[in-house]
Amino acid sequence: MTAETITADASGSWKLGDLPVHRIGFGAMRLTGSAAFHLGTPSDRARSLAVLRRAVELGVNHIDTAAFYFSATRSANELINTALAPYPDDLVIAAKVGPFRDYHGEWGTAARPDQLRGHVEENLRQLGRDHLDVVYLRRMRQDSIAEHFGALAALREAGLIQHLAISDVEPRHLAEALEIAPVVSVQNRYALDRPDAVGDEVRRLCGAHGIAFVPFYAVAGSAGPRAAADTHDDTVRDIARAHGASPAQLRIAWTLHQGPHVLAIPGTGNPDHLAENVAAGALRLTADELARLDTLHAPAS
């Protein structure tokens, strides 16, 4: 099989609450430009729409987005709406709320609990939906998430949200949220070459509770929102070469090997990269290869 013929079901599946998704999904952050937010040049609109449609053709049924994913001339949510509405019945769209960018693209003050309804409604408006499948509360350095998460739980009761999730959290925040309402997913920064003892514990706890763990910047690594990683350890290059894969594909495969509850949401505005990302879900690493890679993730002694 080639990358163009491998579909997302090769990665396996997981449920976000009662919503089944393939473990390879799609992150919408890079649809709008050469880098996230205002950091690059705006994307070609037609190509971005084509990427979204091709993702669905390749079996992707989990898209991660946010109203604050926009560049000078592109909005991820508007692109998703234009490309995919009316939405396939099995498509799960997850949105994030909490952070805020003004019309100039500058970051503003994070939402107070009483402002979260406005954030949810803006995502609904842009996506053309009457409810959101999954909504993440993105923690913005607050010590407690109880009041914010409680506000989202109320919106869930009101029918605007089907399932709740949290992002950028520590174990204590997950415990805090679970005291209020069910959590179907946790989204934290997490990558092969980024040692993170707290993230490892959150991932473990998610598995114990049957909650999805969804890393972001798993491919970008230390480059974060600016670009995909372009430097790779020799171990990554060697193992990738052995599988006839790219280092980016190997990073995705390592991510998926961290547990059956771990999902991947690599993002791109490039159709070729999209097919490669989806095909990474078919890579199977040996125990020896995983052990070699795990040494790159382990904290320095």
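User: What gives the most to the lining of the second largest pocket?
Analyst: This is a predicted model, in which local features need pLDDT of at least 70 and side-chain atom pairs pLDDT 80 or more, while totals for chains, interfaces and linings use all residues. Residues are numbered from 1 along each chain, and side-chain values use heavy atoms, without hydrogens and water. Strand 5 is among the elements that supply at least two lining residues (DSSP runs: helices H or I, at least four residues; strands E, at least two). The most, six residues, comes from helix 3.

User: How much space lies in the second largest pocket?
Analyst: Its lining has 20 residues, and Ala67, Phe70, Arg101, Glu122 and Gln126 are the closest to its centre. A pocket here is an open set of points on a 1 Å grid where a 1.4 Å probe fits, with protein on both sides within 12 Å along at least five of seven lines; lining atoms lie within 4 Å of a point. The space amounts to about 480 Å³.

User: Which strands stand at the edges of the sheet?
Analyst: Seven strands form an open, parallel sheet in the order 3-4-5-6-7-8-9, where pairing requires at least two DSSP bridges. Each edge strand has a single partner, so one of its sides is left without a neighbour in the sheet. These are strand 3 (26-27) and strand 9 (212-213).

User: Which residue of strand 8 stands opposite Ser167?
Analyst: Strand 7 (residues 161-167) and strand 8 (residues 185-187) are paired in the parallel sense, over three bridges. Opposite Ser167 in strand 8 stands Gln187.

Methods: Grid points are joined across faces, edges and corners, and a volume is the space filled by probe spheres set on the points.
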